[in-house]
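Here is a short briefing on one structure. Please read it alongside the coordinates.

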Amino acid sequence: MAKATRVWLLDSGSLVIDQSHITWNVGAGNPVRFPVYSVLIEHPDGLFLFDTGFDEDLVNEKLAFELPQQTAAQTIPAQLELAGFSTDDVDAVVNSHLHFDHCGGNKHLTRATTYLHEDEIRAARSPEPFEVLGYADRSWDHPGAAFSLLSGDVELARGLHLFYTPGHTAGHYSLLVELDGRNPLLFMADVAYTPAAYAKDQQAGFHRDPVAGVRSIRRIRQLAKHWDADIFFTHDMDTYKTYRLAPDFYAGS
Ligand code: ZN
């Protein structure tokens with residue numbers, strides 16, 4: 001069985017939050033613009049999309065204070081096209097979690113099966129009061145959506161690993177993609193937002209369980225070491241500028 005062949009980062013634009021949400025309780029009063037992106041994986045078993053960015057209209061309606069910036073070229077359909085695909089080509093959507101900036105494009109991918117942790121779908125459908133805004137986009141729960149619920153660590157396809165990393169949300173997954181001839185790519189999603197936060201075990205201000213969140217940061221560190229993986233930060237503008245974005249891609253040999 002073969003591994004994934006190409007990986008694209010699909011740009012979804014950017015949002016603004018206060019520094020104290022990036023590094024829990026630290027740095028209040030400093031607004032920070034941060035990137036949002038999705039990960040498209042070409043694999044012999046199918047075309048996988050890890051997270052789907054945010055929907056600009058939804059954010060303007062419900063979280064306008066996050067000052068969304070998204071061009072027409074930064075929507076999921078346009079980004080897929082940039083990588084040479086259409087929305088109908090996507091076989092599987094995997095949501096790290098269901099916060100609005102990770103699932104806003106699910107509704108475009110009507111042919112795909114949606115994979116996510118069983119606890120995440122429950123939390124998003126019936127959020128705690130402090131999680132209502134985070135789960136403000138419910139468009140992933142469209143009538144045609146087919147869900148495949150997961151628990152624990154899962155190898156979804158050869159070399160495509162989901163690691164259970166709760167804390168930020170109830171059912172959070174991180175993704176590791178093996179590629180032939182190079183280090184695996186490790187996408188920790190929202191376990192920690194920036195390299196500085198990760199280095200200090202600082203999770204984001206938005207979290208369900210802070211103790212589990214710290215354990216998950218440490219788990220990512222162990223995984224990165226074990227797999228000799230290249231870590232990708234999800235919401236950090238400085239490192240984002242160094243990543244290859246679609247139509248450019250990361251490829252196995
Ligand atoms: Zn999140």
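Leaving out residues up to four places away in sequence, which residues does Gln74 touch? They are Asp11, Ser12, Gly13, Gln69 and Gln79. The model is a predicted one. The points below cover the surroundings of Gln74, a zinc site, a neighbouring threonine in sequence, a sheet with its helix, and some backbone exceptions.

**Gln74 and its loop**
- Gln74 sits in the loop that links helix H2 (56–62) to helix H3 (76–82).
- Gln74 counts as buried because its relative accessible area is 17%, and the cut-off for buried is under 20%.
- Its side chain makes a polar contact with the side chain of Asp11, at 2.8 Å.
- A polar atom of the Gln74 side chain also lies 2.8 Å from the backbone nitrogen of Thr71.

**Zinc site**
- The zinc ion has these protein donors: His97 (NE2), His99 (ND1), His168 (NE2) and Asp190 (OD).
- These donors lie 2.1 to 2.3 Å from the zinc ion.
- Along the chain, the donors follow the spacing H-x1-H-x68-H-x21-D.
- The arrangement is irregular because the four donor atoms subtend angles of 90 to 175° around the zinc ion.
- For a tetrahedral call, all angles would have to lie between 85 and 135 degrees.
- Ideal angles for four tetrahedral donors are 109.5 degrees.
- His97 and His99 are both buried.

**Thr169**
- Thr169 lies in the loop between strand S8 (160–164) and strand S9 (173–179).
- Thr169 is buried, with a relative accessible area of 0%.
- The side chain of Thr169 makes a polar contact of 2.9 Å with the side chain of Glu120.
- Neighbours within four places in sequence aside, Thr169 is in contact with His97, His99, Glu120, Tyr135 and Arg208.
- Among these contacts, His97 and His99 are also donors of the zinc ion.

**Sheet and helix**
- An open sheet is built from five strands, in the order S7-S8-S9-S10-S11, with mixed pairing.
- At its edges are strand S7 (154–157) and strand S11 (230–232), each paired on one side only.
- From one strand to the next, the twist averages 25°.
- S7 and S8 run antiparallel and are joined by three bridges.
- One bridge pairs Ala157 with Leu160 in S8.
- The hairpin of S7 and S8 has two residues between the strands, and Gly159 there takes a positive phi near 75°.
- Helix H7 (residues 210–227) lies across S8, S9, strand S10 (182–187) and S11.
- H7 runs at about 150° to S8.

**Backbone exceptions**
- Most residues other than glycine have a negative phi, and most peptide bonds are trans.
- Ala189 has a positive phi, near 55°, and is not a glycine.
- Ala189 is found in the loop between S10 and helix H6 (195–199).
- Ala189 is buried, at a relative accessible area of 1%.
- Asp201 also has a positive phi, of about 60°, without being a glycine.
- Asp201 is placed in the loop between H6 and H7.
- The peptide bond from Ala246 to Pro247 is cis, with omega near 15°.
- Pro247 belongs to the loop between helix H8 (237–240) and strand S12 (250–251).

Terms used: Residues are numbered from 1 along each chain as its sequence is written. This is a predicted model: local features need pLDDT of at least 70, side-chain atom pairs count only at pLDDT 80 or more; totals for chains, interfaces and linings use all residues. Side-chain values use heavy atoms; hydrogens and water are left out. Helices (H or I, at least four residues) and strands (E, at least two) are DSSP runs, numbered from the N terminus. Buried means under 20% relative accessible area, exposed over 50%, partly exposed in between (1.4 Å probe, protein chains only). A polar contact is a pair of N or O atoms within 3.5 Å; within protein, one must be able to donate a hydrogen and the other to accept it, and residues adjacent in sequence count only if both atoms are side-chain atoms. Contact means heavy atoms within 4.5 Å. Donors are N, O and S atoms within 2.8 Å of the metal (3.2 Å for Na, K and Ca); water is not among the atoms, so sites may look incomplete. Four donors count as tetrahedral if all angles lie between 85 and 135 degrees; four count as square planar and six as octahedral if opposite donors are over 155 degrees apart and all others between 65 and 115; anything else is irregular. Two strands pair if DSSP finds at least two bridges between them. Axes are lines fitted to C-alpha atoms, for helices over the stretch in contact, and angles run from 0 to 180 degrees between N-to-C directions.
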